[in-house]
Amino acid sequence: MNNICKHCGIENDGVTSFKSMKVCRVCDNNLYRYKLNRLEVIKLLESQSNSCGICGRALELFVGHRKDGGHVDHDHETGKIRGILCKQCNSAIGTTKEDLL
């Protein structure tokens with residue numbers, strides 16, 4: 001019997017990485033860091049037309065550190081989520097410490 005993530009409902013199919021029997025790694029990481037589960041991150045990206053909130057590059061989620069992977073952008077002082085960015089824009093904000101959204 002496969003386990004199902006209690007936060008997003010994704011089934012542990014042997015491909016999806018699970019932190020424990022009841023929580024997938026995506027939800028575990030995003031809930032800890034940003035208080036968002038997998039479904040909330042997907043909804044946020046969809047609200048941005050599946051593209052970077054700054055440059056408009058098409059993005060995919062949950063693909064590791066690939067060039068086209070999306071990253072949750074947040075203000076390090078307040079913790080407020082600003083959107084989903086591409087790796088380049090997320091790095092630029094981190095380097096310049098600017099709020100470009």
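Student: What does a search of the whole structure find in the way of disulfides?

Tutor: Zero disulfides. Keep in mind that this is a predicted model.

Student: Why is there no bond at Cys-55?

Tutor: Its closest cysteine sulfur, in Cys-86, is 3.8 Å away. A disulfide needs the two sulfur atoms within 2.5 Å, so that pair is too far for a bond.

Student: And what rules out a bond between Cys-86 and Cys-89?

Tutor: Same kind of check: the sulfur of Cys-86 has its closest cysteine sulfur in Cys-89, at 3.6 Å, and that's too far for a bond.

Student: Why is Cys-86 called buried?

Tutor: Buried means under 20% relative accessible area. Cys-86 has 0%, so it counts as buried.

Student: What makes Cys-55 partly exposed?

Tutor: Partly exposed runs between the 20% and 50% cut-offs. Cys-55 has 44% relative accessibility, so it counts as partly exposed.

Student: How much of the chain is buried?

Tutor: Of the 101 residues, 32% count as buried.

Student: How do you know what radius of gyration to expect for a compact globule?

Tutor: The rule is 2.2 Å times the number of residues to the power 0.38. With 101 residues, that puts a compact globule near 13 Å; the chain has 14 Å, so the value agrees. Along its principal axes, the C-alpha trace spans about 45 × 25 × 20 Å.

Student: Which elements is the chain made of?

Tutor: Three helices and two strands. Starting at the N terminus, the order is α-α-β-β-α.

Conventions:
Residues are numbered from 1 along each chain as its sequence is written. This is a predicted model: local features need pLDDT of at least 70, side-chain atom pairs count only at pLDDT 80 or more; totals for chains, interfaces and linings use all residues. Side-chain values use heavy atoms; hydrogens and water are left out. Helices (H or I, at least four residues) and strands (E, at least two) are DSSP runs, numbered from the N terminus. Buried means under 20% relative accessible area, exposed over 50%, partly exposed in between (1.4 Å probe, protein chains only).
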